[in-house]
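Visitor: I have a new model open at the bench and would like a walk through its side chains. Could you take my questions one at a time?

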Amino acid sequence: MAAESSVESLQGEVTCPVCLEYFTEPVSLECGHNFCRACISQCWERSARDITCPQCRETMQQRNLRPNRQLANVVEITKRLSLQAAKGTGGEGVCGEHQEALKLFCEEDQTPICVVCDRSRAHRAHTVVPIQEAGQEYKERIQAHLKTLREEREKLLGLKATGEGNSQEYLKQIQTERQKIVSEFQELRQFLEEQERLLLAQLEKLDEEIERIQNENVSKLSEQISHLSELISELEGKCQKPASEFLQDIRSTLSRCEKGKFQQPEEISPELEEQVSDFSQKTIVLLEILGKFKDTLPPALEMKRGGSLGTFRQANVTLDPDTAHPQLILSEDRKSVRWRDTRQQLSKKPERFDTAPCVLGCEGFTSGRHCWEVEVGAGGSWAVGVAKESVKRKGGISLSPDGGIWAVGQWEGQFQALISPVTPLPRAPSRIRVCLDCDRGQVTFIDAGDKAPIFTFPSGSVPGGRIRPWIWVWKGSRLSLCP
């Protein structure tokens, strides 16, 4: 502590009374006081008359500034002693500018400072506290933050552990289900393969038996045909002879005719017929089982297979006359629509299409899976699909998902999906099935004839809200909703 006090006293002796920092290029006046050369020069520049000492106010005759090299050396020695004292006492660091121990903390600048910084103009008006006191205060604040952060970390760790546990549990369940599915399908495959082998073996036996009977019958019939042909030729020749010669050995001839009568071939036995019938019944039952299994397939797989869409509800769609363009004519049952060259005088309702030749279905769907079929014919220009309830009705509209329409159509003989960019499709069928899955936000178009998929707007492409059937008709076209 004594060494520290001595260093502080020495620091006071080598501090300029003007700038309150270590002397820089110290000079001595006639009165014996010392200043930085720059500090005393600035003081004298402000005074146009007498030259005085800023410390004792003694008047000087001349502006004589004598360099004080000894004091400059003492300043350097003091700086080194201050640095050593700071290191020796385990100080908090050293000021980079003054090489003094950082013993104070400036509240305004939030930074440690030395005693020289405290006396400087930069920090003179600031609130300064001992660095140990500031350290204790900020440690308490940091400890409070640490407590909160540790609590948050523990919560997150708990959530992580819970999530990982749940995920592992779900993964185990999935693995168990996977093993069950693999095992069940393996058994199903084995069963089906065994049934296939059994049924094919039975078919092979039936085939062989029927073929045997057929071959035997053909052989017998061929033999009888040959015998009868010879007898017929002989009798025809005999009939051409004179009566005396013809009647010779007539008894033998008649006997041979009676023996040459046609014999019925062997028929398929009732037992064999029963076997064929039993086999047909087994086939029917097997096909029914497989049909029920196929009905449980997901729609995407079912459509890929070209099967029926039994999981979609058949919707009874009718056309809404309040939305029909004035040049579209609806049938009385509202199941058909065609183009008319002249414009009808209809009320200008806000829901009516006034530019695009469109019409909406009366029905709207917000959930579930629905399908309906449209007869489009073999030519003309048309489009079928679905549209949002809020689809634009007035002026030009975009026939694409951007305009709230998901459809396929034909224009000048080109069948295409109405999407940007337009996607060409194979030849248009005469009848199209529209399948709307509201829950998945998906629309699929299927050839109603061979059940082959035409085009699918993927899941999520159709937003939520009310969706209605939509038809676009141009000149020479007539579209009908199928029952």
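Guide: Happy to; what follows is a set of questions and answers on this predicted model.

Visitor: Let's begin with cysteines. How many disulfides does the structure hold?

Guide: A disulfide needs two cysteine sulfur atoms within 2.5 Å. The sulfur of Cys371 has its closest cysteine sulfur in Cys435, 5.1 Å away, so this pair is too far apart for a bond. Cys371 itself is buried, at 3% relative accessible area. The number of disulfides in the structure is 0.

Visitor: And salt bridges, how many of those are there?

Guide: Side chains of opposite charge can pair when their charged atoms come close. The cut-off here is 4 Å between a side-chain nitrogen of Lys or Arg and a carboxyl oxygen of Asp or Glu. With that cut-off, the salt bridges in the structure number 12.

Visitor: Take Glu194 in helix α5. Which residue is its salt-bridge partner?

Guide: The two partners sit in helix α5, 3 residues apart, which is about one turn of the helix. Glu194 is partly exposed, with 42% relative accessibility, and the partner is partly exposed too, at 48%. The closest N and O atoms of the pair are 2.7 Å apart, and the partner is Arg197.

Visitor: Now Glu373 and Arg433, which meet in a salt bridge. How many residues apart are they in the chain?

Guide: Their side chains meet at 3.0 Å, N to O. Glu373 belongs to strand β13 (residues 369–375) and Arg433 to strand β18 (residues 431–437), so this pair links distant parts of the chain, with a separation of 60 residues.

Visitor: Are Glu373 and Arg433 buried or exposed?

Guide: Buried is the word for a residue under 20% relative accessible area. Both Glu373 and Arg433 fall in that class: they are buried.

Visitor: What about Arg468 and Glu389; how far apart are they, N to O?

Guide: Arg468 lies in strand β21 (residues 467–473) and Glu389 in the loop between β14 and β15, so their pairing ties together parts 79 residues apart in sequence. Arg468 is buried, at 6% relative accessibility, whereas Glu389 is partly exposed, at 30%. Their salt bridge has an N to O distance of 3.2 Å.

Visitor: Which residues do shared salt-bridge partners join into one network?

Guide: Arg468 and Glu389, the pair just described, both belong to it. The network is made of Asp320, Glu389, Arg393, Arg466 and Arg468.

Visitor: Turning to the surface, what is the area of the nonpolar patch that includes Phe185?

Guide: Phe185 is in helix α5 and is partly exposed, with 37% relative accessibility. Its companions in the patch are Ile181, Leu188, Phe191 and Leu192. Together they make a nonpolar surface patch of about 420 Å².

Visitor: Which residues form the negative surface patch?

Guide: One of them, Glu208, is found in helix α5 (residues 131–239). Glu208 counts as partly exposed, at 46% relative accessibility. The patch is formed by Glu204, Asp207, Glu208 and Glu211.

Visitor: On to the backbone. What is omega near for the cis peptide bond from Ser420 to Pro421?

Guide: Pro421 is placed in the loop between β16 (414–417) and β17 (423–424). The peptide bond that reaches Pro421 from Ser420 is cis, and omega is near -5°.

Visitor: Finally, what is phi of Glu25 near?

Guide: Glu25 lies in the loop between α1 and β1 and is exposed, with a relative accessible area of 54%. Glu25 is a residue other than glycine with a positive phi, near 50°.

Note on methods:
Residues numbered from 1 in each chain as written. Predicted model: local features only at pLDDT ≥ 70, side-chain atom pairs only at ≥ 80, totals over all residues. Heavy atoms only, no water. Patch = residues over 30% accessible without salt bridge, like charges linked within 9 Å, V, L, I, M, F, W, Y side chains within 5 Å. Areas by Shrake-Rupley, 256 points an atom, 1.4 Å probe, with all protein chains shown as cover. Lys, Arg positive; Asp, Glu negative; His and termini not counted. Charge placed at Lys NZ, Arg CZ, Asp CG, Glu CD. Helix = DSSP H or I, 4+ residues; strand = E, 2+ residues; numbered from the N terminus. Buried < 20%, exposed > 50% of the residue type's maximum accessible area, 1.4 Å probe, protein only.
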